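Colleague: I'd love a close look at one part of this model, please. Walk me through how a single helix packs and pairs with its surroundings.

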Amino acid sequence: MCSLSEPRDDAVAGRPELETVLLGGPARHTKADVAREAGVELRRAERLWQAMGFAHVDDDAVVFTDADVAALRRLVQLVSAQVLTPEAETAVARSLGQAMSRLAEWQVGIFRTVLGDDFSGDLATTAQFAGAIMPVMEQLQGYVWRRHLTATAMRELGGRDTGEDERTLVIGFADIVGYTRLIRDFTELELASLIDDFEELATGVVAENRGRIIKTVGDEVLFVTDTAADGAEIALSLNEQIAQSTRLPPLRIGLAKGVVLARFGDVYGSTVNIASRLTSVARPASVLVDREVSAALRDHPDYHLLSVGPTKVQGFRGLRAWALRRAR
């Protein structure tokens, strides 16, 4: 008799069928086969594979499909056509891997919710479900990608986005107060529900006020805007809507304006660090802004700024902060 930790025989037998459905075809290649058929050096293929977030594969492991060959060939073609520089291909692979990894985690969660015990206990049912639902998911992913691509292109054509890596943006962080305590006191389901509510609220408020969410990390969301007024409206609206919620704890929010390095959907630089540090010292249900955001909003009729003087934060000496509030 098998122990509970051992996989059932029928589950083990069903793994190749499920993998074939998920991968879109049977595994028939080693990594050397893929590199050879795509016309690239094996070392380059391995570097791109690992950049996408996948584990090392033994030389004799037959785990790759025809789709792996086609994908590698397309990426190489983008470099050959000078759409991508050779130096950028690894960064592109890494960015795609990070974005799709999170999407895959969410989609497997859907499988678990719909199938229940059958998800791991009846792999034939799981494979059948995956085969039916994956084409729909692929179409939805393509639709959302095209919409975001269009919005980004129109923003650049409208002069709001220079298209350069270095841009002047307003960076905002919103952080849930007491998240460590919540992890200790809440069940996993309660915590997941709270995070879902927070991300839903943040996504709606940021989008409504012409901002873009860069990423969410558990209890924190990082967003950007082109203007200080948009950033201020997002920050204050978030706190106002959180205050009306009976489930969500208050937020700390920090805003900073300045030049950032924007690459592959993420932002870097001292402006990002300043916004993060301001968030860490803000009081619950408050918004702290830096000198540049304060200067941009000083004459704005909708907002009031209260100087809190020099703020002691790690890595920045003499950083001044202002508390942002609605004008009376």
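**Helix α2 and its partners**

Modeller: Happily! α2 passes α4 in a right-handed crossing (the near helix is turned clockwise from the far one by less than a right angle; helices are DSSP runs of H or I, at least four residues, numbered from the N terminus). This is a predicted model, where local features need pLDDT of at least 70 and side-chain atom pairs pLDDT 80 or more, while totals for chains, interfaces and linings use all residues. Residues are numbered from 1 along each chain as its sequence is written, and side-chain values use heavy atoms, without hydrogens or water.

With α2 at residues 31-38 and α4 at 66-80, the axes lie 9 Å apart at an angle of about 45 degrees, so the pair is oblique (neither under 35, over 145, nor 65 to 115 degrees). Val-34, Ala-35, Glu-37 and Ala-38 of α2 touch Asp-68, Val-69, Leu-72 and Arg-73 of α4, contact meaning heavy atoms within 4.5 Å. Five of these residues are nonpolar, three are charged and none is polar.

Lys-31 of α2 reaches elsewhere: its side chain forms a salt bridge with Asp-59, 3.1 Å from N to O (the cut-off is a Lys or Arg side-chain nitrogen within 4 Å of an Asp or Glu carboxyl oxygen). Asp-59 sits in the loop between α3 (42-51) and α4, 28 residues from Lys-31. Lys-31 is buried at 8% relative accessible area, whereas Asp-59 is exposed at 56% (buried is under 20%, exposed over 50%, with a 1.4 Å probe and protein chains only). Glu-46 joins Lys-31 and Asp-59 in a salt-bridge network; the structure holds 15 salt bridges.

Technical notes
Axes fitted to C-alpha atoms, helices over the stretch in contact; angles between N-to-C directions. Helix = DSSP H or I, 4+ residues; strand = E, 2+ residues; numbered from the N terminus. Nonpolar A, V, L, I, M, F, W, Y, C, P; charged D, E, K, R; others polar.
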